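Okay, thanks for squeezing me in. Let me put the model up, and then I'll walk through a few spots in it.

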Amino acid sequence: MSKHNHTVSNQTQVDALSAQDYWDISHAVTRLFTEAPDESPPTDATLQLLTTRLGWDVGGFWIVNELRMALECAAFYSPTPDSFKNFETVSRARRFSFGEGLPGSAWKSRGVVCFPDLGKQENFPRLSVAVLEHLHTGVAFPLYVGKKVLGVVEFFSRERRVLAPATQDFLFPLGGQMGVFLERLSAGKSLEAANAQFLLVAEAASLAVFTIDEQSTILFANPFVEQIFGYSPEELIGKKLTLVMPEYLRHVHERGLANYVATGQRHISWEGVPLPGLHKNGREISLIISFGEFLRGGKRVFTGFAKLRTTEPS
């Protein structure tokens, strides 16, 4: 097998796979799907194969949740997983609508999408965490049958990457091949597994992670909340999220959440919002907050990510 890529000017990486490489990868993907147990798409194994063989640092496998009409992360893989824990946590908890972010863009265009410089993309909600973990280039392709998109696979690199025309020409039909297999299998079990995996990676994240219900009751808090807010997870679970907010913001939060639950209308951004928090010792702290809505056990809940604000937002 040929080397995955070679270096050109300004440390840009260009794909350099042979026709035989592409054939081998396609054949390996076919084998994974045809040997998969009924109703169990081989999302993890397929993603690992593609990320490794195509030479990317990070891969994500997204499934369209047709009830919510949104993409949800069913698998995440990196050959060096400890380097991307925060990006994994945010990706697994995130949902993308039609046209939103890199996965949503591939869904909408029904084609291969490349973001050569993530920092210059306005439509990339995970930018702050991607920058934190030095991810530079992203690419995604849809898994489809006819005009229907069933999922999306995305890859990221810490190096600048230029997607070779041969790779683009390979990824699009590969998405059709995978889409046919995926249609024959149930995606539900992969989403259930993703929910369980989210809890595992959130425990290890170096961001404060909260999950709350529609009444703002904390259902989950990861260990890192103690480093930022001074409370252990056990002290927070079952309490209202307003406990870690300054008093003057509590009514604003409660009113805004109630209004969103009733109308579905957002009045502020949900990504990278600078907001104050309240430490257990009564000290106000400066934070950057992101959050999103998703389903857990058939119920609508919200997950938020908080980090200390150390620089002015770009």
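So, to start: is R161 buried or exposed? Bear in mind that this is a predicted model. R161 comes out buried, because its relative accessible area is 3% and the cut-off for buried is under 20%. You'll find R161 in strand β9, which covers residues 160–162. And what does the side chain do in there? It reaches the backbone oxygen of G55 at 2.8 Å. There's also the backbone oxygen of L54, which lies 3.3 Å from a polar atom of the R161 side chain. So much for the arginine.

Next, helix α1, residues 19–34. How far apart should its ends be? With 16 residues at 1.5 Å a residue, α1 should span 22 Å, and its end C-alpha atoms are 23 Å apart, so the two agree. Now look at what's tucked away: D21, Y22, I25, A28, V29 and F33 are the buried ones in α1. Looking down the axis of α1, those buried residues fall within an arc of 135°, so they line one face of the helix. The general background here is that an α-helix has 3.6 residues a turn, so residues three or four places apart point the same way. Flip to the face of α1 turned away from that buried side, and you get exposed residues: A19, W23, R31 and T34. And what covers the buried residues of α1? The cover includes α2, at 43–53, and α6, at 165–184.

Over to the strands. β10 is residues 208–212 and β11 is residues 218–221, and they pair antiparallel over 3 bridges. The two form a hairpin with 5 residues between them. In the turn, check S216, which has a positive phi of about 70°. If you want a register marker, F210 stands opposite A221 in β11.

Last stop is F305, which sits in strand β14, residues 299–308. F305 has a relative accessible area of 8%, which means it is buried, given that cut-off of under 20%. What does F305 touch, leaving out residues up to four places away in sequence? The contacts are T89, V90, A93, A208, V209, I288, I289 and S290. A208 and V209 take us back to β10, since that strand is residues 208–212 by the DSSP runs. One last distance: F305 and G292 are 13 residues apart along the chain, and their C-alpha atoms are separated by 9.1 Å.

That's my tour, so over to you for questions.

Terms used:
Residues numbered from 1 in each chain as written. Predicted model: local features only at pLDDT ≥ 70, side-chain atom pairs only at ≥ 80, totals over all residues. Heavy atoms only, no water. Pairing = 2+ DSSP bridges. Helix = DSSP H or I, 4+ residues; strand = E, 2+ residues; numbered from the N terminus. Buried < 20%, exposed > 50% of the residue type's maximum accessible area, 1.4 Å probe, protein only. Contact = heavy atoms within 4.5 Å. Polar contact = N/O pair within 3.5 Å; in protein donor to acceptor, adjacent residues only side chain to side chain. Expected span 1.5 Å × (residues − 1). Arc of directions from axis to C-beta.
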